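Reader: Could you walk me through how to read the packing in a model like this one? I would like the general idea and then the case at hand.

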Amino acid sequence: MAPTARTDAARNAGVTDMDKAARPQRKAPVAASRVPVPSSTHATPIAPAATADSIDPTTPAKLPTPTPTSHTKAPTTDPGLPHRRWWTPYLFLLPGLVMVALFSLWPFVNTVILSLTDAQILKGGRFVGLENYGRALGDPDFWTATVNSVVYLAVVVPCLVLLPLALAVLVQRKVPGIGFFRSAFYTPVIASAVVVGLIWQWVLRSDGLVNTVFEKLHLISEPVPFLTDSTMLLISAMIVTIWKGLGYYMVFYLAALGNVPASLYEAAALDGAGAVRRFFSITVPSVKPMMLLVGTLSAISALRVFTEIYILGGESGGPGGGARTLPFLIRQVGLGFAGETGYAAAISILLFLLTLVFSLLGHRLSKGDER
């Protein structure tokens with residue numbers, strides 16, 4: 001038994017030595033090096049180095065918590081961009097302002113200055129004060145042109161306010177082929193005023209389309225003087241203006257009708273209101289602001305009418321100049337070798353004042369409607 005016990009003890013001792021050799025020898029922990037701490041209060045002390053025994057592989061590594069540092073103010077402007085000045089935005093407005101000053105403000109100021117002189121086309125003038133205005137107010141041609149312009153406005157404006165509205169109500173409906181009629185009604189708008197005037201001159205002259213058809217139908221015994229009578233010439237020019245403006249103002253009303261709720265028409269139909277009642281009770285009140293706008297714009301256009309009179313009546317403005325309007329008179333007085341630019345400028349200022357009166361009237365009506 002004694003030798004066997006010795007053998008087992010030796011065997012156990014050998015296994016123990018082998019296990020110790022196979023195991024990795026643990027190193028003694030390295031002493032943390034002492035680093036001097038800075039004197040700043042914001043400095044973070046350095047932690048001692050971790051040892052192999054203190055590392056646990058099962059726990060995730062923790063990042064060091066940043067210590068609060070002194071906050072510095074961010075720069076208010078980007079150093080890469082140029083420094084902004086108070087006048088920088090006005091640089092973008094400068095081209096437009098220059099164009100307005102050159103082509104709107106300066107011509108107006110120059111017209112006012114010319115109206116106070118007796119300037120002519122080929123020679124300068126001297127200051128005469130309000131003499132040109134007094135001459136205009138005593139000139140029968142001026143009053144004839146003013147009456148024609150006001151009558152033109154009184155006839156054209158109501159037609160261009162009501163007829164495009166009725167046309168817009170018709171073409172607003174969604175029926176097959178309505179797009180063709182919308183395009184057809186708008187075609188005169190994009191046509192040149194000169195082309196339109198020439199077409200109507202061919203239609204209304206003595207041997208034109210209208211007189212020829214009337215003669216074939218035995219409705220007239222002699223041609224109707226559409227272009228050779230001052231009154232008929234003025235009426236013919238009004239027809240051309242209305243025909244050309246129908247499609248333009250129709251688009252205005254189409255935009256306004258698109259904002260009217262369909263539920264209003266449905267409720268009125270359920271209450272038994274007919275088409276006419278719905279038109280006057282719903283459509284007209286809903287588009288009333290647009291009607292005022294169309295009336296103002298058409299009034300300004302009527303006071304500025306020139307092309308229709310010139311194409312249909314020629315350079316004289318009809319027999320004896322009886323169909324002349326204010327723009328036509330300004331052109332007739334101011335052009336030519338003996339053109340009186342000072343007197344023409346005075347008539348232009350009077351036309352401006354007349355236009356301003358109707359514009360302010362339309363503005364006043366629109367303000368009253370809003371209240």
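**Contacts, rings and helices**

Author: Let us begin with one residue: outside its neighbours within four places in sequence, Val-284 has contacts with Leu-165, Phe-279 and Met-291, where contact means heavy atoms within 4.5 Å. This is a predicted model, in which local features need pLDDT of at least 70 and side-chain atom pairs count only at pLDDT 80 or more, while totals for chains, interfaces and linings use all residues. Residues are numbered from 1 along each chain as its sequence is written, and side-chain values use heavy atoms, with hydrogens and water left out.

Reader: Where is Val-284 placed, and is Val-284 buried or exposed?

Author: Val-284 belongs to helix α10 (residues 275-286); helices are DSSP runs of H or I with at least four residues, numbered from the N terminus. Its relative accessible area is 21%, so Val-284 is partly exposed. Buried means under 20%, exposed over 50%, and partly exposed in between, with a 1.4 Å probe and protein chains only.

Reader: How do I read a pair of aromatic rings?

Author: Such a pair is described by the distance of the centres and the angle of the planes. Rings of Phe, Tyr and Trp (its six-membered ring) pair if their centres lie within 6.5 Å; planes under 30 degrees apart are stacked, over 60 edge-to-face, and the rest tilted. The whole structure has twelve aromatic pairs. In one of them, Tyr-310 and Phe-328 have ring centres 6.3 Å apart and planes at 45°, so this pair is tilted. Tyr-310 lies in helix α12 (residues 307-313) and Phe-328 in helix α13 (residues 326-334), 18 residues apart.

Reader: What is the relative accessibility of Tyr-310, and of Phe-328?

Author: Tyr-310 is partly exposed at 25%, whereas Phe-328 is buried at 0%. Elsewhere, ring pairs join Tyr-248, Tyr-249 and Phe-252 into a cluster.

Reader: And how should I read two packed helices?

Author: They are described by the angle between their axes and the distance between the axes. Here α6 and helix α7 (residues 209-216) pack at about 25°, with axes 4 Å apart. Axes are lines fitted to C-alpha atoms, for helices over the stretch in contact, and angles run from 0 to 180 degrees between N-to-C directions. α6 and α7 are therefore roughly parallel; angles under 35 degrees count as roughly parallel, over 145 as roughly antiparallel, 65 to 115 as roughly perpendicular and the rest as oblique.

Reader: Which residues make that contact?

Author: Trp-202, Val-203 and Leu-204 of α6 meet Leu-209, Val-210 and Asn-211 of α7.

Notes
Helix = DSSP H or I, 4+ residues; strand = E, 2+ residues; numbered from the N terminus.
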